[in-house]
Amino acid sequence: MITFYFHHTPNPMKVALFLEESGLPYQLAPVDTLKGEQHTPAYRAINPNGKTPAIVDDGQRVFDSNAILLYLSEKSGQLGGAPALRGELLSWLMFIATGLGPYSGQSVHFRHAAPEKLPYAINRYLREAQRHYEVLNTHLEGRDYIVGDDFTIADIAAWGWIDKASVVLGENGLAPYTNLQRWFSAIDARPAVARARQLATQANFKTELDEIARRALYPQNYAQAEHEQQAK
């Protein structure tokens, strides 16, 4: 039985969608990252990076959402695409892991969460997020899926972040990206998506981004400030 360590944010939602699509049995283990539960010794033993998601499967830990998608796809033989397109699948999966996801996350942070409004940082990460959206939008011209003719883990990985387009890019969201909008609507209509979204209701997650949450999400910021204070 797979134990799935979950918070209802983009990266864990990718794994939630895979599990619901594949039908693999799992048990949910909520991790409230706004309360700092990702920093407990017990959880750090599963994911030393202190992030969600992670899984434990037959005593083996797997962390980082894209590593989990690859692992589960190989384990189950599902959603890995055609063998002849393996290089294409890996390329788009890494594009999402190293580009679309991180730049989207930083765009959200500097536009919505940073204590100081830094115009350079806001512009830098927003423009890079937009550029990655445009790359994917161009690729999806005339395509139903990111790789080949089948729904794969590349679509699942992208869906987790594109789902937050209005937060990442602003209120217009996907409006400028018609191919992405068409692709997302089709993916989002899949029954497994509705089941994945329901997982968030199975735990009483903290929602307020207060001082406790900020310390839990950005501990390095506070550690540096406290170190400087102690040095005075």
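Hi everyone. A word on terms before we begin: when I say helix or strand, I mean a DSSP run, H or I over at least four residues for a helix and E over at least two for a strand, numbered from the N terminus. Please also keep in mind that this is a predicted model.

With those terms, Q78 is found in the loop between α3 and α4, and α4 covers 86-113. Is Q78 buried or exposed? Neither one fully: Q78 is partly exposed, because its relative accessible area is 27%, and the buried class stops at under 20% while exposed begins over 50%. Setting aside neighbours within four places in sequence, Q78 is in contact with F18, E21, S22 and S73. From Q78 to W92 is 14 residues along the chain, and their C-alpha atoms are separated by 17 Å.

Let me step back to the whole chain. There are eleven helices and four strands. The radius of gyration is 18 Å, close to the 17 Å given by the globule rule for 232 residues, so the chain is as compact as a globular protein of that length. Along its principal axes, the C-alpha trace spans about 60 × 45 × 30 Å. Of the 232 residues, 46% count as buried. If you take contacts between residues at least 6 apart in sequence, 66% of them join residues at least 24 apart.

Now to the sheet. What is the order of its four strands? The order is β2-β1-β3-β4, in an open sheet with mixed pairing. At the edges are β2, residues 26-30, and β4, residues 60-63, and each of these pairs on one side only. From one strand to the next, the twist averages 20 degrees.

Within the sheet, β1 (residues 2-6) and β3 (residues 54-57) run antiparallel and are joined by four bridges. If you would like to find the register on your screens, T3 stands opposite V56 in β3, and F4 stands opposite I55. As a reminder, side chains in a regular strand alternate between the two faces of the sheet.

On its other side, β3 pairs with β4, again in the antiparallel sense and over four bridges. D57 has Q60 as its bridge partner in β4. These two strands, β3 and β4, form a hairpin with two residues between them, and D58 in the turn has a positive phi of about 55 degrees.

Two helices to look at against the sheet are α1 and α3. Helix α1 packs on the sheet by touching β1, β2 and β3, and its direction makes about 145 degrees with that of β1. Helix α3, residues 65-76, touches β1, β3 and β4, and its direction makes about 130 degrees with that of β4.

Let's stay with α1 for a moment, which covers residues 10-22 and includes M13. M13 has a relative accessible area of 9%, so it is buried. Not counting residues up to four places away in sequence, M13 touches F6, H8, W159, A196 and R197. M13 and A203 are 190 residues apart in sequence, yet 14 Å apart in space, C-alpha to C-alpha.

A196 brings us to α9, residues 191-198, where A192, V193 and A196 are buried. Why do these three sit on the same side of α9? They cover an arc of only 105 degrees around the axis, which puts them on the same side. An α-helix has 3.6 residues a turn, so residues three or four places apart point the same way. The buried residues of α9 pack against α1, α6 (153-162) and α8 (178-188).

How enclosed is α6? Ten of its ten residues are buried, so α6 is largely enclosed by the rest of the structure. Among those buried residues are D155, W159 and W161. At the N-terminal end of α6, T152 acts as a cap, with a side-chain oxygen 3.1 Å from the backbone nitrogen of A154.

My last stop is K206, in the loop between α9 and α10, and α10 covers 211-217. Is K206 buried or exposed? K206 counts as buried, because its relative accessible area is 18% and the limit is under 20%. The K206 side chain makes a polar contact with the side chain of D210, at 2.8 Å. Leaving aside neighbours within four places in sequence, K206 is in contact with D32, L34, K35, I212 and A213.

That's my tour. Thanks for listening!

Note on methods
Residues numbered from 1 in each chain as written. Predicted model: local features only at pLDDT ≥ 70, side-chain atom pairs only at ≥ 80, totals over all residues. Heavy atoms only, no water. Buried < 20%, exposed > 50% of the residue type's maximum accessible area, 1.4 Å probe, protein only. Contact = heavy atoms within 4.5 Å. Arc of directions from axis to C-beta. Polar contact = N/O pair within 3.5 Å; in protein donor to acceptor, adjacent residues only side chain to side chain. Pairing = 2+ DSSP bridges. Axes fitted to C-alpha atoms, helices over the stretch in contact; angles between N-to-C directions. Rg over C-alpha atoms; globule rule 2.2 N^0.38 Å.
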